[in-house]
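I opened the notebook to record what I looked up, helix by helix and then pair by pair. I begin with the end of one helix.

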Amino acid sequence: ARPIGYARHPYANDPGGSDASLRALYASGVSAYQRAQFVQSRVLLVVVGNLERATIERLVPPTLGTLPAGDYVWTLPPPVPLGKTLMTIIPRQMATDYIIGIYPGPLANTRDYGPFRLGTGLLGAFLNYNIREKEKLSYAAYSPMYDNAATAGGLYASTTKPERVMEIMLQQMAEVANNGLPTMWIPRFVSQFAIEGLLERETCA
């Protein structure tokens, strides 16, 4: 889904690489990348534990402090571009079909970010209720939020009846776009949204 949903955008590239990119790697290129990227201006040091600040300040200069300063400055990526709808089907010998869609969102520093996040959560609630709970067509149906600097939302479901599930997905997207949140859904949606937000941020403790 990544190269399709993020077509013509830097996020289309998988940070983990691909068969083609790995085959193109040579020692000289990796060394050049290391020299250019391993610089102090790219470092974010996070220290966890019962340590005194003075101890950290003593340990950093002879280690990370030896890296070149560099001149890296982070900037926002471009928004995910709008384009024509694309679909790819990958045939697999499996009993269950897995459907995923990606739609572009706003940059994270814009006023549209908050409403977009809420709208994506609302769509997820609609998908879960209508696909999983009401029609029992999936054991997992929701709308993931790709919470990067250039955001995107998605649709996901696993099912043995993909045609019917995709029909419901389109219906629910239109419902959210045209009618928003029904009053009777507000308490349930707010509770679910808050719980999911806390779960995303929970620590091991």
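Entry 1, the end of α6. In this predicted model, I looked at what comes right after α6 and found Gly-180, whose phi is positive, near 70 degrees. I then went back along the helix itself, which runs over residues 162–179, and noted that its 18 residues reach 25 Å from the first C-alpha to the last, close to the 26 Å expected at 1.5 Å a residue.

Entry 2, the two sides of α6. I asked myself which residues of α6 are buried. I listed Pro-162, Val-165, Ile-168, Met-169, Gln-172 and Val-176, and because they cover an arc of only 120 degrees around the axis, they sit on the same side of α6. The general rule helped me here: an α-helix has 3.6 residues a turn, so residues three or four places apart point the same way. On the face turned away from the buried side I found the exposed residues Glu-163, Leu-170, Ala-177, Asn-178 and Asn-179. When I checked what covers the buried residues, β1 (97–107), α5 (113–134) and β4 (150–159) were among the elements included.

Entry 3, salt bridges. The count came to 6 salt bridges, and I followed three of them one by one.

In helix α4, Glu-57 and Arg-53 lie 4 residues apart, about one turn of the helix, and their closest N and O atoms are 2.8 Å apart. I noted that Glu-57 is partly exposed at 45% relative accessible area, whereas Arg-53 is exposed at 65%.

Next I turned to Glu-200 and Arg-117, whose side chains meet in a salt bridge at 3.0 Å, N to O. Glu-200 belongs to helix α7 (residues 186–201) and Arg-117 to helix α5, so this pair ties together parts that are 83 residues apart in sequence. Glu-200 counts as exposed at 55% relative accessibility, while Arg-117 counts as buried at 15%.

The third pair brought me back to α6: Arg-164 lies in that helix and Glu-135 in the loop between α5 and β2 (141–142), so parts 29 residues apart in sequence are tied together. Their salt bridge is 2.6 Å, N to O. I wrote down that Glu-135 is partly exposed at 30% and that Arg-164 is partly exposed at 28%. I also noted that salt bridges sharing partners join Arg-117, Asp-147, Glu-200 and Arg-201 into one network.

Entry 4, a nonpolar patch. Finally I looked up a nonpolar surface patch of about 390 Å², made by Val-43, Leu-45, Val-47, Leu-51 and Leu-64. Leu-64 is placed in the loop between α4 (53–59) and β1, and I recorded Leu-64 as partly exposed, with a relative accessible area of 32%.

Terms used: Residues are numbered from 1 along each chain as its sequence is written. This is a predicted model: local features need pLDDT of at least 70, side-chain atom pairs count only at pLDDT 80 or more; totals for chains, interfaces and linings use all residues. Side-chain values use heavy atoms; hydrogens and water are left out. Helices (H or I, at least four residues) and strands (E, at least two) are DSSP runs, numbered from the N terminus. The expected span of a helix is 1.5 Å times one less than its number of residues. Buried means under 20% relative accessible area, exposed over 50%, partly exposed in between (1.4 Å probe, protein chains only). The arc is that of the directions from the helix axis to the C-beta atoms. Contact means heavy atoms within 4.5 Å. Patches are made of residues with over 30% relative accessible area and no salt bridge: like charges are joined within 9 Å, nonpolar side chains (Val, Leu, Ile, Met, Phe, Trp, Tyr) within 5 Å. Accessible areas come from the Shrake-Rupley method with a 1.4 Å probe; for residues, only the protein chains shown count as cover.
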